[in-house]
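Reader: I'd like to talk through the pockets in this one. Can you show me the model before I start asking how you know things?

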Amino acid sequence: MGERSAVAEGLRAYRLIAGMWIRSSMTYRTSFVVTVFGNLTVTCLDFVGILLMFSQVDSLGGWSLPEVAFLYGLSVTSFGIADLALGSMDVLGARMRDGSFDTLLVRPAPVLAQVGADRFALRRLGRITQGAVVLGWALASVDVEWTASKVLLVPVMVVSGAAIFSAVFVAGAAFQIYAQDAAEVQNAFTYGGTTLLQYPPTVFGKDLVRGVTFVLPLAFVNWVPATYVLGRPYPVGLPGWMAFASPLVAVACCLLAGLAWRTGLRSYRSTGS
């Protein structure tokens, strides 16, 4: 009962803080629209790069353009949701350096909710929109014999992928507490992770594929379930049921990230700034 109460309190605090930042951003609506459009334009450049590659080749690692677009749309949409919800956690190191993190510790609200909702930015909707558009085009263009299980797996991948990326954000923030700032290390696994997953696993070495499958299971965001949907073999041998394991992996990642966060908070020592 106490755990449920803490979760409800955290969600309420997150909603209030995020709402404050949303109202602040909507004060200057023209600036907000321009910022969202700019964010959308910048994120489009990633897919433009893929289109340029396919203007020179017919396939990438044996995957066609619609199949790569399917991976891209899943990765960007999932990451965009996590980035919208928890993207501000990479500034935790700066907060520790300037002493403002100590202020969060004495406020009557869960620290994770305060850090996650800090500087909540609706401009990040641009990334989600762009990823969803590419995903929609890929679903309409890819050559797949759709079944009920494959159709249901698409939204499951998006939700599970967002949860996995959210767990990486939280675990990265916990690591920053230990390292007293390691934002670039965190970004290597978050922004670097979504970029990695935009390309087929067949273009990477098997050791790397094993690492993001069994060590840091980012492959369950899209690689593993997508190979089932597209009817392609996975480079690293896995049993067939693993294509449906993304929700379980997401839950495990979130539990481990929560444990890392609590451990990090208990070990935190103020810089005295």
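Reader: What makes up the lining of the largest pocket, by class?

Author: Keep in mind that this is a predicted model. The lining of the largest pocket holds 19 nonpolar, three polar and two charged residues. Gly counts as polar here and Ala, Val and Leu as nonpolar. Of the 24 lining residues, those closest to the centre are V7, G10, L112, A113 and G258. So V7, L112 and A113 go in the nonpolar class, and G10 and G258 in the polar one.

Reader: Why do V7 and G258 count as lining residues of the largest pocket?

Author: Because a lining residue has an atom within 4 Å of a pocket point. V7 and G258 are both in the lining, among the residues closest to the centre. About 850 Å³ of space lies in that pocket.

Reader: Which elements supply the lining of the largest pocket?

Author: Those giving two or more residues are α1 (2-25), α3 (65-86), α6 (111-117), α8 (148-179) and α12 (246-267). The largest share is from α12, with eight residues.

Reader: And how is the lining of the second largest pocket divided by class?

Author: Into 15 nonpolar, three polar and no charged residues. Nearest its centre are A167, V168, A171, G172 and L216. Since Gly counts as polar, G172 belongs with the polar residues there. The space in this pocket is about 350 Å³.

Reader: Which element gives the most to the lining of the second largest pocket?

Author: That's α8, with six residues. Along with α8, both α9 (183-196) and α12 supply at least two each.

Conventions. Residues numbered from 1 in each chain as written. Predicted model: local features only at pLDDT ≥ 70, side-chain atom pairs only at ≥ 80, totals over all residues. Heavy atoms only, no water. 1 Å grid on protein atoms, 1.4 Å probe; cavity = no way out; pocket = protein on both sides within 12 Å on 5 of 7 lines; lining within 4 Å. Points joined across faces, edges and corners; volume = space filled by probe spheres on them. Helix = DSSP H or I, 4+ residues; strand = E, 2+ residues; numbered from the N terminus.
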